[in-house]
Number of protein chains: 2
Amino acid sequence: MTQKRRRGTELEEAIYQATREILDKEGLPALTFPKVAEMAETSKPVIYRRWHSPFALAIAAIQDKIKLENNGRTDEIKFTGNSLRDDLLQVMQRFIVSMNTFGKSYMSVFFSGMSEQENEAMQKMIMESARIDVSAIDRVLERAQKRNELSVINVTNDLKLLPFEWLRYHLFLNKKVDNKKLTMLVDDVLIPSYQHVFQNRLK
Amino acid sequence: MTQKRRRGTELEEAIYQATREILDKEGLPALTFPKVAEMAETSKPVIYRRWHSPFALAIAAIQDKIKLENNGRTDEIKFTGNSLRDDLLQVMQRFIVSMNTFGKSYMSVFFSGMSEQENEAMQKMIMESARIDVSAIDRVLERAQKRNELSVINVTNDLKLLPFEWLRYHLFLNKKVDNKKLTMLVDDVLIPSYQHVFQNRLK
DNA sequence: CTTAATAAGAAACCAATAGTATCTTATACG
DNA sequence: CGTATAAGATACTATTGGTTTCTTATTAAG
């Protein structure tokens with residue numbers, strides 16, 4: 001009855017896909033090895049040999065997806081705007097898109113019981129994405145400076161990260177972020193804030 | 001061997017306490033009825049009769065805690081500050097305290113697989129806390145207006161909620177919010193933003 | 001081409017435990 | 001004091017997560 005056997009990368013890819021499907025549809029609590037094996041049309045031992053917990057598998061599956069869809073990174077945007085405002089909107093829009101490729105479902109993974117090293121892996125992923133976000137804002141601010149809109153060398157990292165964190169909060173909670181919210185963020189929060197820091201710099 | 005039997009509220013309180021203890025120490029995945037029964041020193045049927053899932057029990061236990069510790073609500077603050085800045089800092093500090101009484105552990109509950117009605121209950125809790133947060137900011141802005149600092153009738157709800165959401169994001173992710181971050185939020189973000197909306201109103 | 005090493009998959013098995021049913025008896029209330 | 005109600009003990013069942021063993025397809029080496 002056993003005709004073909006997948007191995008190596010091909011097999012693992014099928015397992016990752018099954019993992020993500022379960023994660024999307026039912027969340028982490030429902031992610032068990034037997035279920036993954038069935039959905040990936042392989043056998044339990046294959047899974048058990050490779051990962052030592054459903055959580056570890058979940059992380060691996062997510063990282064695999066990140067590797068696959070390496071697009072949408074906010075630090076690789078080709079800016080088309082002619083103002084600080086345009087650039088900021090562009091970054092934020094792009095950010096929302098790239099966040100949506102991971103569903104909120106993956107977020108459950110973040111907040112579940114994690115072991116020490118699992119938590120560490122998680123923290124690393126978060127740190128990495130923070131680095132990317134900051135560099136995107138840096139590029140935007142540089143462009144603004146070249147346009148002589150403002151000079152904001154002393155914007156803190158915390159401030160740079162704020163818009164991303166606010167957006168992530170909404171995506172976590174599955175709250176819609178429409179254009180109205182986004183322009184509010186850019187026009188009423190970010191730009192006034194940058195300008196304020198700029199003014200202060202001059203004083 | 002059975003001497004005394006607790007009933008009604010007394011019994012339920014013990015169950016809630018046990019539930020919270022497990023939630024704190026091991027998270028939602030570890031919350032099972034048998035374990036709760038053992039920890040609360042009662043029997044499984046007692047639990048099974050009352051709740052139909054560990055998740056439902058978790059929600060009930062959290063709501064019970066909210067009811068018990070009805071203090072720390074940001075809308076009941078007795079303001080002592082003499083400026084918009086002072087008031088804002090006070091609200092945010094209070095908010096952090098009240099959020100900390102719930103650990104991040106509770107957050108895992110929010111993000112786990114929820115049924116329809118469970119999700120509804122959750123949304124209601126979030127909406128309620130949003131209402132409270134908005135009313136706190138409203139009071140602060142009113143006071144600012146009376147002081148003739150600024151008039152900001154047309155601040156949107158989204159903008160009013162932003163600081164709370166940002167803080168919650170950090171508390172979710174177990175990130176420290178020190179005084180430096182807090183003053184950054186108030187001085188470099190909120191006040192400039194309110195002032196900007198104020199200016200715009202005048203134009 | 002043959003053969004040996006490797007790893008996938010099938011299947012049976014074990015152990016833990018979530019959930020249920022039954023029965024006894026403490027407690028509350030009329 | 002008697003009856004209804006609900007707590008708690010206990011035993012049982014059924015599910016299922018995890019393990020072990022063995023067969024065999026696949027790959028790589030000789």
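**Note on a predicted protein–DNA model**

1. In this predicted model, DNA strand D is surrounded by 21 residues, and the closest of these are A:Arg5, A:Lys44, B:Arg5, B:Thr42 and B:Arg50. Of the strand D atoms that come within 4 Å of the protein, 59% belong to sugar or phosphate, while the rest belong to bases.

2. Particular side chains can be followed to particular parts of strand D. A polar side-chain atom of A:Lys44 lies 2.4 Å from a base oxygen of DNA strand D, and a polar side-chain atom of B:Arg5 lies 2.9 Å from a base nitrogen of that strand. For B:Arg50 the partner is a phosphate oxygen of DNA strand D, which lies 2.9 Å from a polar atom of the side chain. The elements that give two or more residues to the surface near strand D are helix H3 (44–50) of chain A and helix H3 (44–50) of chain B.

3. Within that surface, H3(B) supplies the largest share, with 4 residues. Sorted by class, the residues near DNA strand D comprise 9 charged, 6 polar and 6 nonpolar ones.

4. DNA strand C is likewise surrounded by 21 residues, and here the closest are A:Arg5, A:Thr42, A:Arg50, B:Arg5 and B:Lys44. Sugar and phosphate make up 59% of the strand C atoms that come within 4 Å of the protein.

5. Bases and phosphate of strand C both have side-chain partners. A base oxygen of DNA strand C is 2.6 Å from an N or O atom in the side chain of B:Arg5, and a polar side-chain atom of A:Arg49 lies 3.1 Å from a base oxygen of DNA strand C. On the phosphate side, an N or O atom in the side chain of B:Tyr48 is 3.2 Å from a phosphate oxygen of this strand.

6. For the surface near DNA strand C, H3 of chain A and H3 of chain B each supply at least two residues, and H3(A) gives the most, with 4 residues. The classes there are 6 nonpolar, 6 polar and 9 charged residues.

7. Turning to the protein–protein contact, chain A contributes 28 residues and chain B contributes 29 residues. Together the two chains bury about 3,000 Å² between them, and 68% of this area is on carbon and sulfur atoms.

8. Across the interface of chain A and chain B there are 8 residue pairs in polar contact, counting pairs with both residues at pLDDT 80 or more, and there are 2 salt bridges. A:Asp158 forms a salt bridge with B:Lys181, in which the closest N and O atoms are 3.8 Å apart. On the side of chain A that touches chain B, the elements giving two or more residues are helix H6 (107–111), helix H8 (157–172) and helix H9 (179–202) of chain A. The largest share of that side, 10 residues, comes from H9(A), and by class the side holds 15 nonpolar, 6 polar and 7 charged residues.

9. How are the two protein chains related? A rotation of 179° with 0.0 Å of shift along its axis superposes chain A on chain B, with an RMSD of 0.2 Å. The two copies are therefore related as by a two-fold rotation axis. Moreover, 100% of the interface residues of chain A are also interface residues in chain B, so the copies meet through the same surface.

Key: Residues are numbered from 1 along each chain as its sequence is written. Chains are lettered from A and ligands numbered from 1 in the order in which they are written. This is a predicted model: local features need pLDDT of at least 70, side-chain atom pairs count only at pLDDT 80 or more; totals for chains, interfaces and linings use all residues. Side-chain values use heavy atoms; hydrogens and water are left out. Contact means heavy atoms within 4.5 Å. Buried area is the accessible area (1.4 Å probe) that two parts lose on being put together, summed over both. A salt bridge is a side-chain nitrogen of Lys or Arg within 4 Å of a carboxyl oxygen of Asp or Glu. A polar contact is a pair of N or O atoms within 3.5 Å; within protein, one must be able to donate a hydrogen and the other to accept it, and residues adjacent in sequence count only if both atoms are side-chain atoms. Ala, Val, Leu, Ile, Met, Phe, Trp, Tyr, Cys and Pro count as nonpolar, Asp, Glu, Lys and Arg as charged, and the others, Gly among them, as polar. Copies are superposed by least squares on the C-alpha atoms of residues with pLDDT of at least 70 in both. A residue is near a molecule or strand if one of its heavy atoms lies within 4 Å of it.
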